[in-house]
Amino acid sequence: MEKRDYYEVLGVSKTATDDEIKKAYRKKAIQYHPDKNPGDKEAEEKFKEAAEAYEVLSNPEKRSRYDRFGHAGVGGAAGGGFSGGGMSMEDIFSNFGDLFGGHFGSFFGGGFGGGSASSATRRGSDLRVRVKLNLKEISTGVEKKLKVKKYVKCNDCNGTGAEGNSYSTCTKCNGTGRITRIQNTMFGAMQTQSVCPDCNGEGKIITKKCPHCGGNGVVVDEEVITVKIPAGVMEGMQIPLRGKGNAARHGGVNGDLYIAIEEEPHPELIRDENDLIYNLLLSVPMAVNGGTIEIPTVDSMVKVKIDPGTQPGKVLRLKGKGLPSVNSYGSGDLLVNIGVYIPEKVTKEESKMFEDLSKSANMKPTEGAKKSFCERFKKMFG
């Protein structure tokens, strides 16, 4: 199915501000939230669609690419397990929960799919690390070792926060972790439940805190994490490493670590999706007589044949010399844009030589050359 325009999905104009985009997404997320539409598959898909649109439009770089190239410009953000369309419900709640002033799943009074706050598994927070890659690393894929400072489980208390087995049953909730209140209303007695404020839903209270972690169950430490980055990744993509984020206080599930990709600019090559662009400036004699010239690729120099009479604006295509696609087989091409350098200063002898050449019939533009120039001009400004 063809993707809808992201601006249309959120119901905003293409000139919308960041704040307008955020408000529009929040409105859509509330409207189609799974807790509000239990069992409604269509609402769930619209919920995911809105999250995908927000992920792109809230990121200045992705939004710029989307405005220029449409969905093709952010193809990496919508598949391959990185982000966008490949996001699970857990990813959406994890990434955008701060828009709702807290854990996204609890916005309607519980975690995703219902359930109480006390029965939900405690989860550590996510981390993001930026990794800079050059084009050579992007072209082949690379393995990186990252030193990440984060919260890890305290080994002295095994993450419980208590020294030994120093617990007592919470007297406020009698060990249930929840407080039940009965309120009389015009419709009769209404019973509500909430998380016990004294034990935070655990049902027990630490009587003697672990001296190493101060009762938190976690301590700050550094971990060396190895991540394999596949070939063809793009600026703005995120690689999730499940369970490699911060440890949760008093046990539970670790958060995730997201590897955010940054590209280092190449001194001579320009990236356009999976294609690479090289701007080649020829001398007048080379453009006229032709010859062989070396140009750079990602990992080496290659020789390119220049035909006699090569015109400015011609594009040479070197098949397969671009970057591999991260989501499929095959590679892009290396596009060589031809320009011709006109000398800014010449000697009297050189000037006389050009003046003599200008009298030759071969120096006058042919009708075919004029037509070709006009066509290129139309494409540029049409």
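Two strands count as paired if DSSP finds at least two bridges between them. All views show a predicted model.

**Figure 1. Overview of the chain.** The secondary structure comprises nine helices and 15 strands. The chain has 382 residues, of which 37% count as buried. Among contacts in the chain with a separation of 6 or more, 65% are between residues 24 or more positions apart. The exposed area of the chain is about 22800 Å², and carbon and sulfur atoms supply 51% of it.

**Figure 2. Parallel pairing of strand 11 and strand 15.** Strand 11 (residues 275-282) and strand 15 (residues 334-340) run parallel and are joined by seven bridges. At one position of this pairing, Leu-276 stands opposite Leu-334 of strand 15. Leu-334 is also among the residues touched by Ile-295, which is the subject of Figure 5.

**Figure 3. The hairpin of strand 10 and strand 11.** Strand 10 (residues 270-272) runs antiparallel to strand 11, and three bridges join them. Asp-272 has Asp-275, in strand 11, as its bridge partner. Two residues lie between the strands of this hairpin. Glu-273 lies in the loop between strand 10 and strand 11 and has a positive phi near 60°, although Glu-273 is a residue other than glycine. Most residues other than glycine have a negative phi. Glu-273 counts as partly exposed because its relative accessibility is 23%.

**Figure 4. The hairpin of strand 12 and strand 13.** Strand 12 (residues 291-296) pairs with strand 13 in the antiparallel sense over six bridges. Four residues separate the two strands of the hairpin. Thr-292 stands opposite Lys-305 of strand 13. Strand 13 (residues 301-306) has two faces: Val-302, Val-304 and Ile-306 make up the covered one, while Met-301, Lys-303 and Lys-305 make up the uncovered one. Side chains in a regular strand alternate between the two faces of the sheet.

**Figure 5. Ile-295 and the nonpolar cores.** The largest nonpolar core has 38 residues, and Ile-229, Ile-259, Ile-295 and Val-336 touch the most other members. A second, separate core has 21 residues, including Leu-10, Tyr-25, Ala-50 and Leu-57. With residues up to four places away in sequence left out, Ile-295 touches Tyr-278, Leu-280, Ser-300, Met-301, Val-302, Val-304, Leu-318, Leu-334 and Val-336. Two of these, Val-302 and Val-304, belong to the covered face of strand 13.

**Figure 6. Helix 2 and its buried residues.** Helix 2 (residues 18-32) consists of 15 residues. The distance from its first C-alpha to its last is 21 Å, close to the 21 Å expected at 1.5 Å a residue. Ile-21, Ala-24, Tyr-25, Ala-29, Ile-30 and Tyr-32 are buried in helix 2. An α-helix has 3.6 residues a turn, so residues three or four places apart point the same way. Tyr-25 is one of the members of the second core.

**Figure 7. Surroundings of Val-152.** Val-152 is placed in strand 2 (residues 142-153). Apart from neighbours within four places in sequence, Val-152 is in contact with Gly-217, Val-218, Val-219, Asp-221 and Ala-247. Gly-124 is 28 residues from Val-152 along the chain, and 9.6 Å separates their C-alpha atoms.

**Figure 8. Asn-158 in the loop after strand 2.** Asn-158 lies in the loop between strand 2 and strand 3 (167-169). Asn-158 is not a glycine, yet has a positive phi of about 60°. Asn-158 counts as exposed because its relative accessibility is 51%.

**Figure 9. Cysteine sulfurs without disulfides.** The structure holds zero disulfides. A disulfide is a covalent bond between the sulfur atoms of two cysteines. The cut-off used here for a pair of cysteine sulfur atoms is within 2.5 Å. For Cys-196, the closest cysteine sulfur is in Cys-199 at 3.7 Å, so the two are too far apart for a bond. For Cys-210, the closest cysteine sulfur is in Cys-213 at 3.8 Å, which is likewise too far for a bond. Cys-196 counts as buried because its relative accessibility is 0%. Cys-210 is buried too, with a relative accessible area of 3%.

Conventions: Residues numbered from 1 in each chain as written. Predicted model: local features only at pLDDT ≥ 70, side-chain atom pairs only at ≥ 80, totals over all residues. Heavy atoms only, no water. Expected span 1.5 Å × (residues − 1). Buried < 20%, exposed > 50% of the residue type's maximum accessible area, 1.4 Å probe, protein only. Core = buried A, V, L, I, M, F, W, Y, C linked by side-chain atoms within 4.5 Å. Contact = heavy atoms within 4.5 Å. Areas by Shrake-Rupley, 256 points an atom, 1.4 Å probe, with all protein chains shown as cover.
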